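Welcome! The exercises below walk you through one protein model, step by step. Take a look at the sequence and structure, then try each task before reading its solution.

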Amino acid sequence: MFTTHIRSFVHRRSHITQGQQQALDTLLAKWGVSYQTSLLDLEGTFGRRADTILEIGFGMGETTEQIALSRPQDNFLGVEVFNAGVGSLLKRIEASSVGNVRIIQHDAVEVLRDMIAPDSLAGVHIYFPDPWPKLRHHKRRLVQSPFIQLLASRLKPGGYIHCATDWEHYAMQMLAVLGQEPALENTCEGFAPRPEYRPLTKFESRGLRLGHGVWDVIFKRKVD
Ligand SMILES: C[S@@+](CC[C@H](N)C(=O)[O-])C[C@H]1O[C@@H](n2cnc3c(N)ncnc32)[C@H](O)[C@@H]1O
């Protein structure tokens, strides 16, 4: 599975600030984990045994930092491909001394496939994944059945997948795809209320003020 796959991102030549570049140059060695083709030792990586939550596509990392600060008992492994985003989260975790975040700069599909052991994650966060709104680009959307099957296999029984999006069409796709995965069950009837641990982003509050919707979807791996 996933020996070749359509990527859910395109490499962009985006602006990176001096501070973000400096963080990449100096802090990635401290908080980063290199992509490898063998399983990652989570306990060794975080220096402790704790529930580990994988976040896919953390963007600039505001949400990651806030959740990690509010849940110090959990480990957070953030995966992002975008240079400025990785630089931004590195700066944040260094400044706030949050000790429970590690970063992998690589395609999350390959990270899951190659580095994450089956039955090992306590949760997965996928917040506002690229919506790829054009029909011809829908194949690039991250939340699709083969990927969710892979994800579910990496969760511990009882572990959760939490997705959020402000694109109604993608929200419906999330609900359908997660609902079709036999290893998972919905924690709610349909969409979930936003749990307190997921902070409202600036972008999201603005959208909500303008009357746009945001949908949370939270499923759990069945305990058999
Ligand atoms: C629309 S942004 C959302 C960022 C953030 N979660 C938020 O809520 O603001 C989606 C992010 O996912 C990242 N991304 C997309 N596909 C990815 C993949 N396969 N592996 C890692 N990161 C990915 C993109 O680089 C982008 O930064």
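**Exercise 1. Two helices that cross**

In a left-handed or a right-handed crossing, how does α1 pass α4?

Solution. Before you start, keep in mind that this is a predicted model.

Step 1. Find helix α1 at residues 18–31; its axis and that of α4 come within 8 Å and cross at roughly 65°.

Step 2. Angles from 65 to 115 degrees count as roughly perpendicular. The helices α1 and α4 are therefore roughly perpendicular to each other.

Step 3. As for the handedness, α1 passes α4 in a left-handed crossing.

Step 4. Now look at who takes part. On the α1 side the contact includes Gly19, Ala23, Leu27 and Trp31, while the α4 side includes Asn83, Gly87, Leu90 and Glu94.

Step 5. Sorted by class, the contact of α1 with α4 has nine nonpolar, six polar and two charged residues.

**Exercise 2. Another partner for α4**

Work out how helix α3 is oriented relative to helix α4, and name the residues that make their contact.

Solution. Step 1. Helix α3 covers residues 62–70 and helix α4 covers residues 83–96; their axes come within 10 Å and cross at roughly 30°.

Step 2. An angle under 35 degrees counts as roughly parallel. That makes α3 roughly parallel to α4.

Step 3. The crossing of α3 past α4 is right-handed.

Step 4. From α3 come Thr64, Glu65 and Leu69; from α4 come Leu89, Arg92, Ile93 and Ser96.

Step 5. This contact of α3 with α4 is made up of three nonpolar, two polar and two charged residues.

**Exercise 3. An oblique pair**

Describe how helices α5 and α6 pack.

Solution. Step 1. Locate α5 at residues 108–115 and α6 at residues 145–154; they pack at an angle of about 45°, with their axes 10 Å apart.

Step 2. The pair α5 and α6 is therefore oblique, and α5 passes α6 in a left-handed crossing.

Step 3. Val109, Leu112 and Arg113 of α5 meet Phe147, Leu150, Leu151 and Arg154 of α6.

Step 4. Count by class: five of these residues are nonpolar, none is polar and two are charged.

**Exercise 4. Into the core**

Which residues touch the most other members of the largest nonpolar core?

Solution. Step 1. The largest nonpolar core has 50 residues, and Leu54, Val124, Val143, Leu151, Met174 and Leu178 touch the most other members.

Step 2. Follow Met174. Beyond its neighbours within four places in sequence, Met174 is in contact with Val143, Cys163, Thr165 and Val217.

Step 3. Move on to Val217, which lies in strand β7, residues 215–221. Its contacts, again leaving aside neighbours within four places, are Cys163, Ala171, Met174, Leu175, Leu178, Phe191 and Ala192.

Step 4. Is Val217 buried or exposed? With 27 other C-beta atoms within 10 Å, Val217 is buried.

**Exercise 5. Neighbours from afar in the sequence**

Find out what Tyr170 and Pro199 touch, not counting residues up to four places away.

Solution. Step 1. Tyr170 belongs to helix α7, residues 168–180. It is buried, with 23 other C-beta atoms within 10 Å.

Step 2. Tyr170 touches Pro131, Arg141 and Thr165. The C-alpha atoms of Tyr170 and Pro131 are 6.6 Å apart, although 39 residues separate them in sequence.

Step 3. Pro199 sits in the loop between β6 (184–186) and α8 (202–209). With 14 C-beta neighbours inside 10 Å, it counts as partly exposed.

Step 4. Pro199 is in contact with Thr63 and Gln66. Along the chain, Pro199 and Gln66 are 133 residues apart, yet their C-alpha atoms are separated by 7.4 Å.

**Exercise 6. Positive phi in two loops**

Describe the surroundings of Ser97 and Trp132, each of which has a positive phi although it is not a glycine.

Solution. Step 1. Ser97 has a phi of about 55° and is found in the loop between α4 and β3 (101–104). With 7 other C-beta atoms within 10 Å, Ser97 is exposed.

Step 2. Trp132 has a phi of about 40° and is placed in the loop between β4 (121–127) and α6. Trp132 counts as partly exposed, with 17 C-beta neighbours inside 10 Å.

Conventions:
Residues are numbered from 1 along each chain as its sequence is written. This is a predicted model: local features need pLDDT of at least 70, side-chain atom pairs count only at pLDDT 80 or more; totals for chains, interfaces and linings use all residues. Axes are lines fitted to C-alpha atoms, for helices over the stretch in contact, and angles run from 0 to 180 degrees between N-to-C directions. Helices (H or I, at least four residues) and strands (E, at least two) are DSSP runs, numbered from the N terminus. Angles under 35 degrees count as roughly parallel, over 145 as roughly antiparallel, 65 to 115 as roughly perpendicular and the rest as oblique. A crossing is left-handed if the near helix is turned anticlockwise from the far one by less than a right angle, and right-handed if clockwise. Two residues are in contact if their C-beta atoms, placed from the backbone, lie within 7 Å. Ala, Val, Leu, Ile, Met, Phe, Trp, Tyr, Cys and Pro count as nonpolar, Asp, Glu, Lys and Arg as charged, and the others, Gly among them, as polar. A nonpolar core is a set of buried Ala, Val, Leu, Ile, Met, Phe, Trp, Tyr and Cys residues joined through C-beta atoms within 7 Å. A residue is buried if 20 or more other C-beta atoms lie within 10 Å of its own, exposed if 12 or fewer, and partly exposed in between; C-beta atoms are placed from the backbone.
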